[in-house]
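Q: Please take a close look at one part of this model, beginning with its opening helix and then following the contacts outward. I would like the geometry and the burial described together, in one connected account.

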Amino acid sequence: MGIDTIADIITSIRNADINKKGTVRIVSTNITENIVKILLQEGFIQNVRKHRETNNFFLVLTLKHRRNIKGRYRTVLNLKRISRLGLRIYSNYQGIPRILGGMGIVILSTSQGIMTDREARRERIGGEILCYIW
């Protein structure tokens, strides 16, 4: 785990999805729990459970995979980190981008917590654009 926990989460989920792993274990913090809750609500992951080892808490995510007609697995998640430690990207509610015409989601960190682009537009608040998911 590095300094940027959000990038570590995104990389862990992306790598597990590419390698067709069923589960991913990530460190549990307030930010990671909120992001995972959004992923679960939007249907990008199947299940989440909290696991404790010694003094540390972990989140165990169960990923979704879908099969093509030919029997090959296709990845469901496409994740991209936008705002990072060296370059923060902020947007007001009118300037929040739409991913695939509304098919994907943008996760924002706002003054009222971490939320999706739809919620931020409804609340009419902007914030830091954390990542895109489609």
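Helix H1 and what lies around it

A: Helix H1, which covers residues 5-18, has 14 residues and should span 20 Å at 1.5 Å a residue, and its end C-alpha atoms are 20 Å apart, which agrees; the expected span is 1.5 Å times one less than the number of residues. Helices (H or I, at least four residues) and strands (E, at least two) are DSSP runs, numbered from the N terminus. The model is predicted, so local features need pLDDT of at least 70 and side-chain atom pairs pLDDT 80 or more, while totals for chains, interfaces and linings use all residues. Residues are numbered from 1 along each chain as its sequence is written, and side-chain values use heavy atoms, with hydrogens and water left out.

The buried residues of H1 (under 20% relative accessible area, 1.4 Å probe, protein chains only) are Ile-6, Asp-8, Ile-9, Ile-10, Ile-13, Ala-16 and Asp-17, a list that holds two aspartates beside its isoleucines and its alanine. Just after H1, the backbone of Lys-20 takes a positive phi of about 60°.

A residue that meets this helix from elsewhere in the chain is Leu-79, which is found in strand S6, residues 79-81. Leu-79 counts as buried because its relative accessibility is 9%. Leaving aside its neighbours within four places in sequence, Leu-79 is in contact (heavy atoms within 4.5 Å) with Ile-10, Ile-13, Arg-14, Tyr-132 and Ile-133; of these partners, Ile-10 and Ile-13 also appear among the buried residues of H1. The C-alpha atoms of Leu-79 and Arg-14 are separated by 6.9 Å, although the two residues are 65 residues apart along the chain.

Tyr-132, one of the residues that Leu-79 contacts, leads on to Pro-97, which touches Val-106, Asp-117, Arg-121, Ile-129 and Tyr-132 when residues up to four places away in sequence are not counted. Pro-97 lies in the loop between strand S7 (90-91) and strand S8 (105-110), and at 25% relative accessibility Pro-97 counts as partly exposed, a class that falls between the buried limit and the exposed one, which is over 50%. Pro-97 and Tyr-132 are 35 residues apart along the chain, and their C-alpha atoms are separated by 9.4 Å.

Arg-121, another residue touched by Pro-97, belongs to helix H3, residues 117-123. Despite being an arginine, Arg-121 counts as buried, at 18% relative accessibility. With residues up to four places away in sequence not counted, Arg-121 touches Tyr-93, Ile-96, Pro-97 and Arg-98, and a polar atom of its side chain lies 3.0 Å from the backbone oxygen of Ile-96, where a polar contact is a pair of N or O atoms within 3.5 Å, one able to donate a hydrogen and the other to accept it, with residues adjacent in sequence counting only if both atoms are side-chain atoms.

The loops on either side of this region hold two further residues with positive phi. Leu-100, in the loop between S7 and S8, has a positive phi of about 55° although it is not a glycine, and Leu-100 is exposed, with a relative accessible area of 58%. Arg-124, in the loop between H3 and strand S10 (127-133), has a phi near 60°, again positive in a residue other than glycine, and Arg-124 is exposed at a relative accessible area of 55%. Most residues other than glycine have a negative phi.

Helix H2 can be set beside H1. The 12 residues of H2, residues 30-41, should span 16 Å at 1.5 Å a residue, and the end C-alpha atoms are 17 Å apart, which agrees. The buried residues of H2 are Thr-32, Ile-35, Val-36, Ile-38 and Leu-39. Seen down the axis of H2, these buried residues fall within an arc of 155°, so they line one face of the helix; the arc is that of the directions from the helix axis to the C-beta atoms. On the other side of H2, Asn-30 and Gln-41 are exposed. H2 is followed by Gly-43, whose phi is positive, near 85°.

Beyond H2, Arg-52 is found in strand S2, residues 45-53. Arg-52 is exposed, with a relative accessible area of 51%, and a polar atom of its side chain lies 3.1 Å from the backbone oxygen of Thr-54. Arg-52 and Ser-28, 24 residues apart in sequence, are 9.6 Å apart in space, C-alpha to C-alpha.
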